[in-house]
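Trainee: I want to test the vocabulary before I trust the numbers. Shall we go term by term?

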Amino acid sequence: MTEVSRLPGPVLDLWEWQYKGSCRDIDDTVFFHPEGERGAARRRRAEAAKAICAQCPVLQQCRDHSLRVREPYGVWGGLSEDERSAILAEQDRKGRRSVRAV
């Protein structure tokens, strides 16, 4: 589940980037896998979503948002669920290392 406490408040300036997203008028099933989708079908769908993201003018804002709120599902900012999990795990490891060094 998305950590709602990490979401910024309902200020238009914080969310306006979403109106500029290349995904705005595309069926969300491209970005979110149906239940039970596995293997090659899932990879093909994710790659199609990433191709859309690659041309998006707000890719970085979307990516930053998805990592900040730990978005658990779908392709966001050109990153799959597994890719975001790996980035977050690495950030968590680095954070624990720097805390121990203090």
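Trainee: What marks the backbone of Arg 70, just after H3?

Mentor: Arg 70 takes a positive phi, about 55°. Its position follows directly on helix H3. Keep the ground rules in mind: this is a predicted model, residues are numbered from 1 along each chain as its sequence is written, local features need pLDDT of at least 70, and side-chain atom pairs count only at pLDDT 80 or more. Totals for chains, interfaces and linings use all residues, and side-chain values use heavy atoms, with hydrogens and water left out.

Trainee: How many helices and strands does the protein have?

Mentor: Four helices and zero strands. A helix is a DSSP run of H or I with at least four residues, a strand a run of E with at least two, and numbering starts at the N terminus. The order is therefore written α-α-α-α.

Trainee: Which residues of H3 are buried?

Mentor: Leu 59, Cys 62, His 65, Ser 66 and Leu 67. Buried means under 20% relative accessible area, exposed means over 50%, and partly exposed lies in between (1.4 Å probe, protein chains only). Over the 102 residues of the protein, 27% are buried.

Trainee: What makes Cys 62 buried?

Mentor: Its relative accessibility is 12%, so Cys 62 counts as buried.

Trainee: Where is Cys 23, and what is it in contact with?

Mentor: Cys 23 sits in the loop between helix H1 (12-15) and H2. Contact means heavy atoms within 4.5 Å. Setting aside neighbours within four places in sequence, Cys 23 is in contact with Phe 31 and Ile 52.

Trainee: Why is Cys 23 called partly exposed?

Mentor: Its relative accessible area is 37%, so Cys 23 falls in the middle class.

Trainee: Where is Cys 56, and what is it in contact with?

Mentor: Cys 56 is in the loop between H2 and H3. Beyond neighbours within four places in sequence, Cys 56 is in contact with Gly 21 and Ser 22.

Trainee: How many disulfides does a search of the whole structure find?

Mentor: Zero. For Cys 56, the nearest cysteine sulfur is that of Cys 23, 6.1 Å away. For Cys 62, the nearest is that of Cys 53, 6.1 Å away. A disulfide needs a pair of cysteine sulfur atoms within 2.5 Å, so Cys 56 is in no disulfide, and neither is Cys 62.

Trainee: What makes Cys 56 buried?

Mentor: Cys 56 has a relative accessible area of 15%, so the label buried applies.

Trainee: Which residues does the UniProt annotation "binding site" cover?

Mentor: The unreviewed entry covers Cys 23, Cys 53, Cys 56 and Cys 62. They span 40 residues in sequence, but no two of their C-alpha atoms are more than 10.7 Å apart, so they gather at one spot. The lining of the largest pocket includes Cys 23, Cys 53, Cys 56 and Cys 62. UniProt positions follow the numbering used here, feature names are shortened, and an annotation may be inferred rather than shown by experiment.

Trainee: What lines the largest pocket?

Mentor: The lining holds 20 residues; Cys 23, Arg 24, Cys 62, Val 75 and Trp 76 lie nearest the centre of the pocket. Helices H2 (39-54) and H3 (59-68) are the elements that give two or more residues. A pocket is an open set of points on a 1 Å grid over the protein atoms alone, where a 1.4 Å probe fits, with protein on both sides within 12 Å along at least five of seven lines; lining residues have an atom within 4 Å of a point.

Trainee: How much space lies in the largest pocket?

Mentor: About 340 Å³.

Trainee: What lines the second largest pocket?

Mentor: A set of 14 residues, with Arg 42, Arg 43, Ala 46, Ser 80 and Asp 82 nearest its centre. H2 gives the largest share, seven residues. Helix H4 (81-101) also supplies at least two.

Trainee: What makes Ser 80 buried?

Mentor: Its relative accessible area is 15%, so Ser 80 is buried. Ser 80 lies in the loop between H3 and H4. Outside its neighbours within four places in sequence, Ser 80 is in contact with Lys 50, Gly 74 and Val 75.

Terms used. Points joined across faces, edges and corners; volume = space filled by probe spheres on them.
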